[in-house]
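Trainee: I have a new model open. Can you show me how to read the main features, one at a time?

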Amino acid sequence: MDAEKSKMLRGELYHAFTPLLVSERETCSQRCHAFNTASNPSRLDRINLWNTITCTPPFPADTPEDTLSAAAWVEPPFKADYGYNITLGENVYLNWNCTILDTCRVTIGSRTLVGPNVSIFTASHPLDHEVRNGTKGPEMGKEIEIGEDCWIGGVWWGAASVVTKDVPEYSVVAGNPATVVRRLRPVEEKVEKQEGEDAKALLKRLEALEKEMKEIKEKLRFV
């Protein structure tokens, strides 16, 4: 493997304008263009156009409907640097105009929803301008992993937020830089709380019935 590409994938400083990396970005650009300009493709064709971007095997023509429905759904237009560093889980949805700079691995967990105009950047540059040195200097990257059941660009991950570090589970973040603005209760805790509230309501109802029966018995004594 090309030495600069190896360093890129490891998240080390590397030079992006080597012949191999320039060629790979151009190939990805062409595949994104084919994906974005396809005229009314079938679900299978759309998936396979996406698979060319991510360099994964195409689905055969006899792919079961259940498999097609579980595949990620990506709305055009979409842009990426290389494509082969992107992995989407089942039932992921990327809305239109998503950009992923995948110099390093980008993983999005199953059932995560991504709103319009969301950009995901693994790429970065040195702060020292002498080291950065325009297109002649090195750059670097860092892997991004987005977990399952997230919602980005919506209520749980605020629109226009700039996320620069890990986000804890069951939280709402917003702002630039993004900070936690609300904690969400895990589903298990919600169920336990609801069960507890139901039990209290039932006990209260039983107490009311016992009181009502006692009053009826007192009345019957004088009949």
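Mentor: We go from the whole chain to one helix, then the core, the sheets and two single residues.

Trainee: What should I note before anything else, and how many helices and strands are there?

Mentor: Note the origin of the coordinates: this is a predicted model. Then count elements. The protein chain has 6 helices and 14 strands.

Trainee: What share of the 223 residues is buried?

Mentor: Buried residues account for 33% of the chain. Look at the surface as well. The accessible surface is about 14,600 Å², and carbon and sulfur atoms hold 55% of that area.

Trainee: And contacts across the sequence? What percentage join residues at least 24 apart?

Mentor: Start from contacts between residues at least 6 apart in sequence. Of these, 34% join residues at least 24 apart.

Trainee: Now a helix. How far apart are the end C-alpha atoms of α3, and what span should its residues give?

Mentor: Use the rise of 1.5 Å a residue. Helix α3 covers residues 43-54, which is 12 residues, so it should span 16 Å. Its end C-alpha atoms are 17 Å apart, and that agrees.

Trainee: How many residues of α3 are buried?

Mentor: The cut-off for buried is under 20% relative accessible area. In α3, 9 of the 12 residues are buried, so the helix is largely enclosed by the rest of the structure. The buried set is Arg43, Leu44, Arg46, Ile47, Asn48, Trp50, Asn51, Ile53 and Thr54.

Trainee: What covers those buried residues of α3?

Mentor: The cover includes helices α2 (19-37) and α4 (65-70). Strands β1 (73-74), β2 (78-80), β3 (86-88) and β4 (93-94) are also part of it. Check the helix end too. Cys55 follows α3, and its phi is positive, near 60 degrees.

Trainee: Next, the core. Which residues have the most contacts inside the largest nonpolar core?

Mentor: That core has 22 residues. Trp50, Phe78, Leu88, Leu94 and Ile108 have the most contacts inside it. At least two residues come from each of α2, α3, β2, β3, β5 (98-101) and β6 (106-108). Helix α2 gives the most, with 3 residues. Another core, of 6 residues, lies apart from this one; Tyr14, Leu21, Tyr82 and Tyr84 are among them.

Trainee: Pick one core residue. What does Phe78 touch, beyond four places in sequence?

Mentor: Phe78 touches Cys32, Phe35, Asn36, Trp50, Ile53, Ile86, Leu94, Cys98 and Ile100. Trp50 and Leu94 also figure among the core residues with the most contacts.

Trainee: Now sheets. In what order do the strands of the sheet with β3 run?

Mentor: Read strand order, then pairing sense. This open sheet has 3 strands in the order β3-β6-β11, with parallel pairing. Its edge strands are β3 and β11 (144-146), each pairing on one side only. The twist averages 5 degrees from one strand to the next. Between β3 and β6 there are 3 bridges, and Ile86 has Val106 of β6 as its bridge partner.

Trainee: Which strands are at the edges of the sheet with β1?

Mentor: That sheet is open and parallel, with 4 strands in the order β1-β4-β7-β12. The edges are β1 and β12 (151-152). Inside, β4 and β7 (residues 113-114) are joined by 2 bridges. Tyr93 has Leu113 of β7 as its partner.

Trainee: What does β5 pair with?

Mentor: β5 runs parallel to β2, joined by 3 bridges. Ala80 stands opposite Ile100 there. β5 also pairs in the parallel sense with β8 (residues 119-121), over 3 bridges. In that pair, Leu101 is matched with Phe121.

Trainee: Last, single residues. Where is Asn36, and what does it contact?

Mentor: Find the element, the exposure and the contacts. Asn36 is in helix α2. It is partly exposed, at 23% relative accessible area. Beyond four places in sequence, Asn36 contacts Pro76, Pro77 and Phe78. Asn36 and Trp50 are 9.7 Å apart, C-alpha to C-alpha.

Trainee: And where is Asn97?

Mentor: Asn97 is in the loop between β4 and β5. Its relative accessible area is 34%, so Asn97 is partly exposed. Beyond four places in sequence, Asn97 contacts Glu75, Pro77, Asn117 and Val118. Asn97 and Pro77 are 20 residues apart in sequence but 5.0 Å apart in space, C-alpha to C-alpha.

Notes
Residues numbered from 1 in each chain as written. Predicted model: local features only at pLDDT ≥ 70, side-chain atom pairs only at ≥ 80, totals over all residues. Heavy atoms only, no water. Expected span 1.5 Å × (residues − 1). Buried < 20%, exposed > 50% of the residue type's maximum accessible area, 1.4 Å probe, protein only. Contact = heavy atoms within 4.5 Å. Core = buried A, V, L, I, M, F, W, Y, C linked by side-chain atoms within 4.5 Å. Pairing = 2+ DSSP bridges. Axes fitted to C-alpha atoms, helices over the stretch in contact; angles between N-to-C directions. Areas by Shrake-Rupley, 256 points an atom, 1.4 Å probe, with all protein chains shown as cover.
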